[in-house]
Amino acid sequence: MASAAEQLASNLNFSTFAKAEDLKKRLWFTLAALLVYRLGTHIPLPGLNPEAYAQAFRGQAGGILGLFNMFSGGAVERMAIFALGIMPYISASIIVQLMTSVVPALENLKKEGEQGRKIINQYTRYGTVLLGALQAYGIAVGLESGSGLVVDPGWFFRVSTVITLLGGTMFLMWLGEQITSRGIGNGISLIIFAGIAAGLPSALAGTLELGRTGALSTSLILAVILIAIAVIAVIVFVERAQRRLLIQYPKRQVGNRMFQGDTSHLPLKLNTSGVIPAIFASSLLLLPATVAGFANTTSLPSWATTIVAALGHGQPLYMLLYAALIAFFAFFYTAIVFNPKDTADNLKKHGGFIPGIRPGERTAEYIDFVLTRVTVIGAIYLVFVCILPEILVSQTGIPLALGGTSLLIVVSVTLDTVAQIQGHLIAQQYEGLIKKSKLRGGKRGR
């Protein structure tokens, strides 16, 4: 079956795509949905002074607001109706995933299959509403505390801000689900991808302008471009890399016939945790700088000012903590999303076993042993991809359009979307082969 699929994949061409009407409809729907999202990032929040807010944001762009602005496609910079973006939904999803490993009721729901997954998704939506409302209210109060940012401060502004920002987040959550079901790719990931990719043209134009004016040398810009291409190649290689464990199934007898036992593989990705460790680490490290930026710097004690300065971009302490947090969250999140004991129990239930390893607890220990060593490689890879841009910025001063986190997201989402498009084309070819075989069978019958 695998060889047949690979042969079909190699035979894919433009004519196959031209015949895939369903795929083209899905692509057009996805593009239209992303266009709606991009339009929403330019609709400003009512009751705000745009000029005063733009000036205030420029002073906080290096903190956590800059990170959120990148994920929201510039909506935070303009304080648009989509300023919260999809981050409350992602935070709620992570919290629910963490709770499924510690709350027995949620763990049982996870094992109930499709019905349990629907209930967990509903809990995630409730969590999104709660987190989104809290964050929106915090933004409203923060805007009111700024000098001249709000035209008419008061409860009306707070309530309208909460309703507007929360409504924008819920709309994006719905839009992402529609893209997943009616479009192509993972809708939530594509929305984040569109937000990051939207900032690339202006960032690239700014870098080229610095090269034109002589602020940056041409050789330095070319070297950074080559390094970026090499990093992208590393990301593609590692994201597709797997450690496959051989799974064997015993022989079985049906009637008087004896069937040979099947073999398959249990794939363990080198980077099981995905981009979550980088997002968590960035958010935690940027939080002190953001809080200090909002506070009056003259009122901060000297020790707090020293810590904030040491946690600035490019500082040795920042990079050391960044690498340590990424490695920690890589192991932590992998332990949350992959349970070796459940995997070993499922294999035992279906009669599968790893050759040379006793089914049950021994299999769980072996899978955990392999997974731990695979995660070490994944953590080193994440640290390398995320720290390298920080080193380049601190040593050369060149403003990189993509940081490590955003580069991981862009490449991973692109790989996933291309794989889904290829899957639809393969399915189209399968359908065509089945129709041809039926026509031939009908002619022979005549």
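At 30% relative accessibility, Phe-171 comes out as partly exposed in this predicted model. Partly exposed here covers the range between the 20% and 50% cut-offs, so Phe-171 lands in that class. What does its ring pair with? Phe-82 and Phe-171 turn up as a pair further on, once Phe-82 itself has been placed.

Looking across the whole structure, there are eight aromatic pairs. One of them joins Tyr-37 and Phe-82, which are stacked, with 6.2 Å from centre to centre and 15 degrees between the planes. Tyr-37 belongs to helix 3 (residues 21-40), while Phe-82 is found in the loop between helix 6 (75-78) and helix 7 (87-100), so this pair ties together parts that sit 45 residues apart in sequence. Both partners are tucked away: Tyr-37 is buried at a relative accessible area of 1%, and Phe-82 is buried as well, at 4%.

Back to Phe-171, then. Its ring and that of Phe-82 are stacked too, at 6.0 Å centre to centre and with 10 degrees between the planes. Phe-171 lies in helix 10 (residues 155-182), and with Phe-82 in the loop between helix 6 and helix 7, the pair ties together parts 89 residues apart in sequence. Put together, ring pairs link Tyr-37, Phe-82, Phe-171 and Trp-174 into a cluster.

Aromatic rings also show up beside a charge. Arg-158 has its charged end sitting over the ring of Trp-155, 4.8 Å from the ring's centre.

Methods:
Residues numbered from 1 in each chain as written. Predicted model: local features only at pLDDT ≥ 70, side-chain atom pairs only at ≥ 80, totals over all residues. Heavy atoms only, no water. Phe/Tyr/Trp six-rings, centres within 6.5 Å; stacked < 30°, edge-to-face > 60°. Helix = DSSP H or I, 4+ residues; strand = E, 2+ residues; numbered from the N terminus. Buried < 20%, exposed > 50% of the residue type's maximum accessible area, 1.4 Å probe, protein only. Lys NZ or Arg CZ within 6 Å of the ring centre and 35° of its normal.
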